[in-house]
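The exercises below are to be worked with the sequence and the coordinates at hand. Each task is followed by a solution that proceeds step by step.

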Amino acid sequence: MVFNGSPGTGKTTVARLVGKILHAAGYLSSGHTIEVDKSGLVGGYLGQTPGIVKERIQEALGGVLFIDEAYMLAGRDDDLYAQEAIACILTEMENHRDDLVVIAAAPVSTTCSSGK
């Protein structure tokens, strides 16, 4: 899932509720939420990131991994650490599809067309 909204609009609160709802419905084994941002997913050197991502996934199993400010992971093509994190997240999502939900949060874009 991707939650898009301005700061303070309740993205984190809704992510927590999603976990509880899916647990109550029998889709997740616990329904808890692990909240991370880019700094909680990438390592200090290439090759370290997959281990960190797998640790966060293990913590989130049975519930929701909520990635706040997820756009920071996909912001630049030359950010090898973020690319490594995204690749690992995708692999882990597939490996644990029966007991994990990943929610990415991003702010609403501030650019728009005025039509003038």
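**Exercise 1: Fold order and overall extent**

Describe the order of helices and strands along the protein chain, and then the box that its C-alpha atoms fill.

Solution. In this predicted model, reading along the sequence of the protein chain gives the pattern β-α-β-α-β-α-β. Counting the elements then yields 3 helices and 4 strands. Taken along the principal axes, the box filled by the C-alpha atoms is roughly 50 × 35 × 20 Å. For contacts between residues at least 6 apart in sequence, 73% join residues at least 24 apart.

**Exercise 2: Burial, surface and charge**

What share of the residues in the protein chain is buried, and how is the exposed area made up?

Solution. Of the 116 residues in the protein chain, 36% are buried. The chain exposes about 6,900 Å², and carbon and sulfur atoms supply 55% of that area. As for charge, there are 9 positive and 14 negative side chains, with the centres of the two sets lying 7 Å apart.

**Exercise 3: A nonpolar surface patch**

Locate leucine 80, and determine why it is classed as partly exposed.

Solution. Leucine 80 is placed in helix α3, which covers residues 80-95. Its relative accessible area is 46%, so leucine 80 counts as partly exposed, the class between the cut-offs of 20% and 50%. Together with Tyr45, Leu46 and Tyr81, Leu80 forms a nonpolar patch on the surface, and these residues have about 400 Å² of accessible area together.

Definitions and conventions: Residues numbered from 1 in each chain as written. Predicted model: local features only at pLDDT ≥ 70, side-chain atom pairs only at ≥ 80, totals over all residues. Heavy atoms only, no water. Helix = DSSP H or I, 4+ residues; strand = E, 2+ residues; numbered from the N terminus. Buried < 20%, exposed > 50% of the residue type's maximum accessible area, 1.4 Å probe, protein only. Contact = heavy atoms within 4.5 Å. Areas by Shrake-Rupley, 256 points an atom, 1.4 Å probe, with all protein chains shown as cover. Lys, Arg positive; Asp, Glu negative; His and termini not counted. Charge placed at Lys NZ, Arg CZ, Asp CG, Glu CD. Patch = residues over 30% accessible without salt bridge, like charges linked within 9 Å, V, L, I, M, F, W, Y side chains within 5 Å. Salt bridge = Lys/Arg side-chain N within 4 Å of Asp/Glu carboxyl O.
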